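Reader: I would like a close look at a single part of this protein, taken slowly and with its surroundings. Please begin from one residue and work outwards.

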Amino acid sequence: VFGRTVICRDIDVATRVARTDGLDCITLEGDQVSKKGGMTGGFYDYRRSKLKFMNIIMQNTMSINKKEEELKGIGLELQNILFLLQLEQKITAFVTEQQQLDAKRVLDKSVLEQHKQDIANANKQKQYTSKALENKRKSLADVQMQIDQLRASMAMKRAEMGTELIDHLTPEEKDLLSRLNPEITDLKEQLINCRSDRIETESRKAELETNLTTNLKRQKQELEAIISAAEADALLDEVESKRQELMDANLLVEDATQQLKRVSDRIDELTKQLRGIKDEKNNLKGLEDAYERTLQDEAKELEQLLSKRSNLLAKQEEYSKKIRELGPLSSDAFETYKRKQIKELQKMLHRCNEQLQQFSHVNKKALDQYVNFTEQREELQKRQAELDSGDEKIKELIEVLDQRKDESIERTFKGVARHFREVFSELVQGGHGHLVMMKKKDGDDDDDDDDGPREADLEGRVEKYIGVKVKVSFTGQGETQSMKQLSGGQKTVVALTLIFAIQRCDPAPFYLFDEIDAALDPQYRTAVGNMANTQFITTTFRPELVKVADHIYGVTHKNRVSRVNVVSKEDALDFIEHDQSHNAE
């Protein structure tokens, strides 16, 4: 289904579907059946079949594709031959290039040996530098670790300084703590001094190792290289001096080694002292943990006492509330019940409770509900008054807008009706026509109009206007006719008259029509062409509109592609004449 139009096999099926389902139908041959009962179609010329032409086009396309495939095969063979020729040329060029590369490779090999020797020397220097850097990193990590430990210790000591725990200590523990504090202070100062000495010693050790790896050993290697490369007679003269330098270097190395050993011994001694200080610190930490556990136990007991106190306060508040609910007591109440026993008072309380239960069915909130409902009623009455006032204002606005609407409709209709009379007399020589605005009272008395008065809306208003009736006479004599009494061409003339009348009343930049002259007689076509006092764009197969056109465009369809071309008036008239003669045949 396309736009409520059904494609059917033949005319019989189309007629049945249009009658039963109320849909427009079209057959494969082009015959049309309207849902209103009209049928359009007839003879079909199979010599102009598009399917036959499409079959021929497909066969020609297949033959063209086969020829193209054969040409592609020949082209591939030619490409293979050219590829072999190019391959031979490349092989010759590669052989020449290989010979040049062999000669160059011999030269590069000698240069490579020299570079390898340089790289070996550089790698040795890199190893010495890496070792020195690794030692530096180790010493830096140790120093960083000591700094972190000292910071953690400082934070813990500051936290300990913020807590007062002396009151929980025994006299013996206080005496021991007073004796240990000066010792701890002295040990901390010694620890700081030892760490500074250790850092200086490690830096001196790193400098000596760097000097040893970078200067002395390098000088030794240079001397060995010079000794191996120099001539025999020159070496004999310099042997003594270099040997003396080697002995001096060995002495420096031994001196650095001894100094390094002393530094290591000093570091070991400081490490032992640091362990002793850490042991004392751990002992003090144990005492601190014991005091903290004691403090936590006391805090738990305090929480239990506070919880018990809060429960008692809540009960006190509850009993006080119950006493307040009993209301004020008389001055002699205490004296009256003070001398009575508790059991007697409990019996009296029980009797009072039984008497109160007799009034349990009474709604105790009735007074409060009455007050709330009264306030809600007053608010609703105020809101109703506001809504009534707004409703009256809206009704007044609707009346004003309806009046303006009716005035605008009447003013526009009068202009369109006047132009309708003028345009109809121009299109139909000797004819006359006019428009009639149908109101509710006109619709009740006129039997020719199918449109009845509109029903009243929700507010009781009734629309004043219910439609427009057209009365025309093409002969100028006799009674006027309505739209139902006109033929198809006459209805087209009336429709064009209404469009031109609206155009004169409210002009638009341009108008677009599709074969408006198809159902018109020749004299009406000429009249419509002469009415074009503004820009009209229309499609046509008739010569009357072509003769008065300013610009003409022809639309052609070829190879499933539409093209729009500018054509002259003579070519357009020849095309129309050829089309009319072809249709007549």
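Leaving aside its neighbours within four places in sequence, which residues is Val528 in contact with?

Author: In this predicted model, and with neighbours within four places in sequence left aside, Val528 is in contact with Leu427, Leu496, Phe500, Ile516, Leu520 and Leu545. Val528 also belongs to the largest nonpolar core, a set of 29 residues, where it is listed together with Leu427, Val472, Phe474, Val493 and Val494 as having the most contacts inside that core. The elements that give two or more residues to this core are the helices α7 (366-427), α9 (488-505) and α10 (522-530), along with the strands β5 (432-439), β6 (465-473) and β7 (510-514). Of these elements, α7 gives the most, with seven residues. Because domain 2 (382-440 + 463-504) and domain 3 (507-584) both give residues to the core, it lies between them.

One of the residues in contact with Val528 is Phe500, and this residue leads on to the aromatic rings, since ring pairs link Phe500, Tyr511, Phe513 and Phe536 into a cluster. The count of aromatic pairs comes to four. A pair of aromatic rings is described by the distance of the centres and the angle of the planes. For Tyr511 and Phe536 the ring centres are 5.4 Å apart and the planes stand at 25°, and because planes under 30 degrees apart count as stacked, this pair is stacked. Tyr511 sits in strand β7 and Phe536 in strand β8 (residues 535-539), so that the pair, 25 residues apart, links distant parts of the chain. With a relative accessibility of 14%, Tyr511 counts as buried, whereas Phe536, at 22%, counts as partly exposed. Phe536 is also paired with Phe513: their ring centres lie 5.6 Å apart with the planes at 15°, so this pair is stacked as well. Here, too, distant parts of the chain are linked, with Phe513 in strand β7 and Phe536 in strand β8, 23 residues apart. Phe513 itself is buried, having a relative accessible area of 11%.

Apart from the core that holds Val528 lies another core, of nine residues, among them Val6, Cys8, Ala18 and Cys25. The numbering of these residues leads to an open sheet of four strands, whose order is β1-β2-β3-β4 with mixed pairing. Its edge strands, each pairing on one side only, are β1 (5-8) and β4 (39-40). Strand β3 (residues 32-33) runs antiparallel to β4 and is joined to it by two bridges, with Val33 standing opposite Met39 in β4. Helix α1 (residues 11-21) lies across β1, β2 (24-27), β3 and β4, and runs at about 175° to β2.

To set these parts within the whole, the protein chain has twelve helices and ten strands, and 16% of its 585 residues count as buried. Among the contacts between residues at least 6 apart in sequence, 54% join residues at least 24 apart.

Terms used
Residues are numbered from 1 along each chain as its sequence is written. This is a predicted model: local features need pLDDT of at least 70, side-chain atom pairs count only at pLDDT 80 or more; totals for chains, interfaces and linings use all residues. Side-chain values use heavy atoms; hydrogens and water are left out. A nonpolar core is a set of buried Ala, Val, Leu, Ile, Met, Phe, Trp, Tyr and Cys residues joined through side-chain atoms within 4.5 Å. Buried means under 20% relative accessible area, exposed over 50%, partly exposed in between (1.4 Å probe, protein chains only). Domain bounds come from an automatic or database domain assignment. Contact means heavy atoms within 4.5 Å. Rings of Phe, Tyr and Trp (its six-membered ring) pair if their centres lie within 6.5 Å; planes under 30 degrees apart count as stacked, over 60 as edge-to-face and the rest as tilted. Two strands pair if DSSP finds at least two bridges between them. Axes are lines fitted to C-alpha atoms, for helices over the stretch in contact, and angles run from 0 to 180 degrees between N-to-C directions.
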